[in-house]
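Here is a quick briefing to read with the model open in your viewer. Take it topic by topic.

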Amino acid sequence: MGWNDQIEWWRHAAIYQVYVRSFADGDGDGVGDLPGITARLPYLRDLGVDALWITPFYTSPQNDHGYDVADYCDVDPLFGQLSDADALLDRAHELGLKVIVDLVPNHTSDAHDWFQAALAAGPGSPERERYLFREGRGADGAEPPNNWESVFGGPAWTRVEDGEWYLHLFDSTQPDLNWRHPEVGDMFEEVLTFWLDRGVDGFRVDVAHGLFKEANLRDQVVHSGEERPTNQLPSSMVERRLKDEPMWDQPEVHEVYRRWRRILEKYDGERMNVAEAWTQTPESMANFVRPDEMNQSFNFSWLLADWSATEFADVITGTLAALEPVGATPTWVLSNHDVTRHVTRYGGGAQGLARARAATLAMLALPGSSYLYQGEELGLEQVDVEPEFRQDPSWFRTGEPGRDGCRVPIPWGGQEAPFEFGPGAGHPWIPQPAEWAAQTVEAQAADPGSTLAFYRAALAARRGFATTAGDEVEMLDLGADVLAFRRGPVTVVLNCGQKPVVLPAGDVLMASGPVDGELPADTAVWLA
Ligand code: GLC
C-alpha cells in the first residue's frame with residue numbers, strides 16, 4: 001500500500017518554519033513573539049501552507065535562541081505567556097493550519113532546575129546523574145574526559161568549580177542530558193503530554209540523532225585527510241558526517257521514539273513528529289522513520305547538494321530508495337535557520353534567485369512534505385550581519401560568522417527598516433538591509449511577478465495534485481544538465497545548464513520564471 005492510500009495531513013504538507021524571534025514582533029521590543037505570529041497567521045493561510053513549525057519559545061536564557069530550554073512547559077516572557085500559545089493554537093486551527101512545536105531533548109539550558117541542582121549537589125550525587133558529569137583526565141583531572149568537540153567549536157566539555165566536567169555537544173550553556181537515566185525519559189513524556197493536551201499537532205525533534213552517546217564515552221577516532229562536503233553549516237556539523245561518531249546516532253535512541261509514537265497515537269487528530277537527524281547516510285535516516293518510530297525525518301540531502309541536475313537527481317532517487325523499505329514519506333528542505341539561504345547558496349543576485357525559485361518548484365512537485373523557511377517566499381538572501389549584532393553561540397566560540405545571517409527579521413511593509421516588523425519604529429534585534437524595501441510582503445503582494453506571488457501560485461497549484469499524484473517518481477533523461485521527472489500527471493523539468501532546452505510536450509502549469517517555448521537556464525516548469 002502506498003502512502004496515498006492512507007493520507008494523514010502531514011504526508012503531503014507544505015510546512016512553514018517560523019523562527020520566532022524574527023517573524024513578527026507584537027509588542028515592539030524588536031524581537032518577534034507569539035502574539036506577533038498569531039496576528040500574521042492569515043498571511044500563512046493566504047500563502048497556502050498547511051502547517052507551521054515554530055522554533056522554541058519556552059523559558060530560556062536565549063543563549064542559543066531558545067534551543068537552551070530552562071522550562072519546557074512555559075513560555076519565555078520575551079515571547080509572551082502560555083495563554084498566547086493557546087491563542088496561537090486556537091487561531092491557527094480556526095484558519096485550518098496545523099502547528100508543530102520544537103522539542104529539545106538532547107540538552108537543557110544550564111539555567112534548568114535540574115542542572116542548577118546538579119551543580120549544587122556536587123560530585124557523586126543523584127542530581128549529577130541526569131547529566132554527563134565525569135572526572136577529567138591527566139594528573140589533576142585538568143584535561144577533558146575525552147576528545148569530543150562541540151558542534152559550535154571548541155571542546156565539548158566544561159569544568160565546574162569542584163573539578164568535574166560536564167558534556168555539552170553544543171554551547172557550554174547547553175548541558176547534554178543522560179538519557180540512560182529513567183527520569184529523563186519520564187520528564188519528556190510529561191512535556192509531550194503537556195503540549196499535546198494544549199492542542200499541538202506535532203513536534204519537530206531537535207538533534208534527534210543525539211540523546212544517547214556510546215556508554216563508555218570513548219574518544220572519537222579522527223581520521224586525517226577526510227574529504228569534507230561543502231555547505232554552510234558550522235564546519236564541525238559537516239565534518240562529523242564522515243567521522244567515527246560515538247556521540248551520535250546510537251541504536252538506543254530508537255526506543256525513545258517508539259515510546260513517543262505510542263504517546264502520539266493516544267491522541268486523535270493525526271499528531272506527528274519529525275526528526276532533525278543529521279545522519280551519515282540515507283539508510284540511517286530511514287531508521288528514524290520505521291513504522292513504529294517518527295513520522296518523518298528532515299532530509300537534508302538537497303540542502304547539501306550543489307546546483308547540479310545530476311546531484312539533484314541523486315538526491316531524489318537516493319531519498320526515495322532509502323525510505324521505500326520502511327514505507328515512510330519523504331521530506332524536502334532547501335533552507336532553514338541553521339544554513340545559508342538557498343538564494344545565496346546558488347550564487348545570489350538575480351541568478352541565485354532564479355535558481356532558488358526553480359529548485360523550489362522542483363521540490364514542491366515531489367511526493368511527501370516540503371518544509372519552507374520564513375522569508376524564502378520573499379526571495380530573501382543571507383545577510384552579512386555586522387559583528388556587533390551577531391548572537392550565534394558558534395560565533396562566540398569560533399569567531400566564524402555563524403547563522404545570524406539567515407535569521408534577520410522579516411520585512412512586512414513600508415519603505416524603511418524595521419519594515420513593519422513590529423509596531424512603531426523600534427529596532428529589530430538584527431538590522432534589516434535597506435534594500436529589503438523592494439522585497440517586503442507589501443511590495444511583493446502587489447506584484448504578480450514577485451517571488452511571493454510565485455510561491456502563492458505554486459502552493460495553490462500543488463494542492464491540485466499533492467494528495468492524488470501518488471508516490472511514484474519516474475526519472476526522465478533530458479540530458480546531463482536537466483533534472484526531469486514525472487509524478488502522476490505532472491512532469492517537472494529543471495534546467496541547471498547554461499543553454500535553453502526544448503521542453504517535452506504538455507501545458508505549462510507553473511513556471512519559476514519566464515518561459516517562451518524553450519526552457520531557459522536556471523528555470524523550472526511543471527507540465528501537465
Ligand atoms: C539544532 C537546531 C539549532 C540548534 C542546535 C542545538 O541543530 O536546529 O538551531 O542550535 O540544534 O539545539
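How far is an oxygen atom of the ligand from an N or O atom in the side chain of D338? The answer is 2.5 Å. Keep in mind that this is a predicted model, with a mean pLDDT of 94 for the protein.

**Around the ligand**
- D338 isn't the whole story: an N or O atom in the side chain of R204 sits 2.9 Å from an oxygen atom of the ligand.
- For R403, the corresponding distance from a side-chain N or O atom to a ligand oxygen is 3.0 Å.
- On its own, the ligand has 310 Å² of accessible area, and the protein covers 100% of that.
- There are 15 residues around the ligand, and the ones that come nearest are D64, D206, E276, H337 and D338.
- Sorted by character, the shell around the ligand splits into 7 charged, 5 nonpolar and 3 polar residues.

**A small set of paired strands**
- Look for an open sheet made of 3 strands, running in the order β6-β8-β7 with antiparallel pairing.
- At the edges you'll find β6 (133-134) and β7 (157-159), each of which pairs on one side only.
- As general background, strands of a sheet pair through backbone hydrogen bonds, in either a parallel or an antiparallel way.
- Here, β7 and β8 (residues 165-167) are joined in the antiparallel sense by 3 bridges.
- If you want one pair to click on, take W157, whose bridge partner in β8 is L167.

**L476 and its surroundings**
- L476 belongs to strand β14, which covers residues 474-476.
- Leaving aside residues up to four places away in sequence, L476 touches A484, F485, R486 and T491.
- P409 is another matter: it is 67 residues from L476 along the chain, and the two C-alpha atoms are 40 Å apart.

**Backbone oddities**
- Most peptide bonds are trans, and most residues other than glycine have a negative phi.
- The peptide bond from A417 to P418 is cis, with omega near 10 degrees.
- You'll find P418 in the loop between α13 (393-398) and α14 (441-445).
- D249 is not a glycine, yet its phi is positive, at about 55 degrees.
- D249 also sits in a loop, between α6 (235-239) and α7 (253-265).

**How far to trust the coordinates**
- Across the protein, 95% of residues reach a pLDDT of 70 or more, and the mean is 94.
- Residues 1-5 have pLDDT below 50, and this stretch has 16 contacts in the model beyond near neighbours in sequence.
- Residues 227-241 also stay under 50, with 31 contacts in the model beyond four places in sequence.
- Where pLDDT is low, the predicted coordinates shouldn't be read in detail.

How values were computed:
Residues are numbered from 1 along each chain as its sequence is written. This is a predicted model: local features need pLDDT of at least 70, side-chain atom pairs count only at pLDDT 80 or more; totals for chains, interfaces and linings use all residues. Side-chain values use heavy atoms; hydrogens and water are left out. A residue is near a molecule or strand if one of its heavy atoms lies within 4 Å of it. A polar contact is a pair of N or O atoms within 3.5 Å; within protein, one must be able to donate a hydrogen and the other to accept it, and residues adjacent in sequence count only if both atoms are side-chain atoms. Accessible areas come from the Shrake-Rupley method with a 1.4 Å probe; for residues, only the protein chains shown count as cover. Ala, Val, Leu, Ile, Met, Phe, Trp, Tyr, Cys and Pro count as nonpolar, Asp, Glu, Lys and Arg as charged, and the others, Gly among them, as polar. Helices (H or I, at least four residues) and strands (E, at least two) are DSSP runs, numbered from the N terminus. Contact means heavy atoms within 4.5 Å. Two strands pair if DSSP finds at least two bridges between them. pLDDT is the predictor's confidence in each residue, from 0 to 100.
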